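Open the model in your viewer and keep the selection tool at hand. We will go from one helix to the contact between two chains.

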Number of protein chains: 2
Amino acid sequence: MSTTITLYPLSNFTFSTKEAQPEEDPSVQARLQRLQNNYEDFGMRRTVEGVLVVHDHGHPHILMLQIANAFFKLPGDYLKPGEDETNGLKSRLNDRLAPLGGADASDEGDWEIGDCLAQWWRPNFETFMYPYVPPHVTKPKECKKLFMVQMPEKKVLAVPKNMKLLAIPLFELYDNAARYGPQLSAIPHLLSRYDFIYQ
Amino acid sequence: MSTTITLYPLSNFTFSTKEAQPEEDPSVQARLQRLQNNYEDFGMRRTVEGVLVVHDHGHPHILMLQIANAFFKLPGDYLKPGEDETNGLKSRLNDRLAPLGGADASDEGDWEIGDCLAQWWRPNFETFMYPYVPPHVTKPKECKKLFMVQMPEKKVLAVPKNMKLLAIPLFELYDNAARYGPQLSAIPHLLSRYDFIYQ
């Protein structure tokens with residue numbers, strides 16, 4: 001298993017904008033209600049998100065979406081029942097970040113999905129998630145998987161107008177659950193086993 | 001890459017005691033001074049530690065040493081200059097946990113060293129470590145690697161009299177840096193990508 005990964009500089013990537021992509025649910029409560037409705041119909045929700053890594057001056061940075069100048073999230077979303085994880089993630093990354101009408105828009109693009117980095121489990125129809133299945137929980141309501149996404153040497157990304165795409169350095173995420181929450185602030189731990197080559 | 005790992009129950013393992021193994025350094029200050037002295041002679045210290053995973057009632061537990069009823073540590077230690085990581089870790093695990101005079105005492109035992117789970121970097125001759133090389137640090141003073149150690153179905157372990165070996169559940173470590181420190185409390189994140197089979 002190779003744990004050496006080549007990172008390219010942030011300056012190699014071109015960012016444009018595209019039409020706004022409103023949130024599917026207007027509130028956390030509405031999102032949890034949809035989760036519950038979907039659970040009754042389809043069982044446990046499966047969510048996939050991509051950890052897109054670049055570097056700036058030899059320090060790894062993660063590309064994250066910021067919505068409404070407030071909370072941060074990784075690109076990704078929940079899968080349809082039966083949908084393949086890897087192809088589903090490629091499709092979600094394209095929906096969110098591929099330029100409209102480009103080659104990427106018509107197929108699954110050239111996203112290179114790498115290792116699974118983490119799994120987060122939601123035991124109840126509530127906001128709390130854990131990086132393990134808590135004891136006595138036999139029917140988790142959601143499993144979210146984070147995947148390493150190897151960024152190519154160059155790429156054009158198009159960001160919906162209602163979002164920003166920010167490159168957050170590991171040293172900013174680390175030990176900063178207050179600002180980024182437990183999932184994003186743990187990314188430095190998840191990446192620490194890799195040896196990065198800074199091109 | 002297989003990320004499925006079989007865990008055996010804590011009750012399969014037998015714990016005995018052996019002679020005390022006093023700490024090499026009497027204080028944190030003495031340990032940092034030795035680090036500095038060794039750095040001047042041999043360069044960056046390389047440390048290896050094992051994450052020994054078992055389960056109890058279907059929840060993963062980590063085997064940790066507790067010293068003087070106070071702080072917790074993983075089994076492992078720093079390597080000699082040029083020493084191989086995997087063999088060095090096997091040898092440290094034997095020194096600490098193999099029964100004296102058993103088959104394990106005369107060779108490197110049957111420890112199965114798995115994936116590197118994390119790397120921690122010490123930028124200065126100080127206690128702080130980070131799960132990345134901080135920006136502008138070109139000569140880290142220590143790199144500590146944590147390795148998954150696949151526990152066999154059964155094993156006899158002998159614990160030095162001045163230590164306890166405790167099985168700490170993931171839910172106790174998670175989000176508990178106050179008690180276990182930043183390194184041990186991050187172990188649930190490092191293991192979350194694995195699918196465990198509970199035998």
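The stops below take a helix of chain A, then its interface with chain B. Bear in mind that this is a predicted model.

**Stop 1: the helix.** Select residues 28-42 of chain A, helix H1. At 1.5 Å a residue, its 15 residues should span 21 Å; the end C-alpha atoms lie 20 Å apart, which agrees. Now step just past the helix to Gly43(A), which follows H1(A) and has a positive phi, near 85°.

**Stop 2: its two sides.** Which residues of H1(A) are buried? Show Leu32(A), Leu35(A) and Tyr39(A) as sticks: these are the buried ones. Look down the axis of H1(A): the buried residues fall within an arc of 50°, so they line one face of the helix. Residues three or four places apart in an α-helix point the same way, because there are 3.6 residues a turn. Turn to the face away from the buried side and pick out Glu40(A) and Asp41(A), both exposed.

**Stop 3: what the buried face meets.** Add strands E3 (45-56), E7 (112-122) and E8 (142-150) of chain A. The buried residues of H1(A) pack against these strands.

**Stop 4: the interface.** Bring in chain B. Here 26 residues of chain A are in contact with 26 residues of chain B. About 2,200 Å² is buried between the two chains, with carbon and sulfur atoms giving 62% of that area. How many salt bridges cross the interface of chain A and chain B? The rule finds zero, while it finds four residue pairs in polar contact.

**Stop 5: who supplies the contact.** Select E7, helix H4 (170-173) and helix H6 (187-191) of chain A; each supplies at least two residues of the side that touches chain B. E7(A) gives the most to that side, with six residues.

Note on methods: Residues are numbered from 1 along each chain as its sequence is written. Chains are lettered from A and ligands numbered from 1 in the order in which they are written. This is a predicted model: local features need pLDDT of at least 70, side-chain atom pairs count only at pLDDT 80 or more; totals for chains, interfaces and linings use all residues. Side-chain values use heavy atoms; hydrogens and water are left out. Helices (H or I, at least four residues) and strands (E, at least two) are DSSP runs, numbered from the N terminus. The expected span of a helix is 1.5 Å times one less than its number of residues. Buried means under 20% relative accessible area, exposed over 50%, partly exposed in between (1.4 Å probe, protein chains only). The arc is that of the directions from the helix axis to the C-beta atoms. Contact means heavy atoms within 4.5 Å. Buried area is the accessible area (1.4 Å probe) that two parts lose on being put together, summed over both. A salt bridge is a side-chain nitrogen of Lys or Arg within 4 Å of a carboxyl oxygen of Asp or Glu. A polar contact is a pair of N or O atoms within 3.5 Å; within protein, one must be able to donate a hydrogen and the other to accept it, and residues adjacent in sequence count only if both atoms are side-chain atoms.
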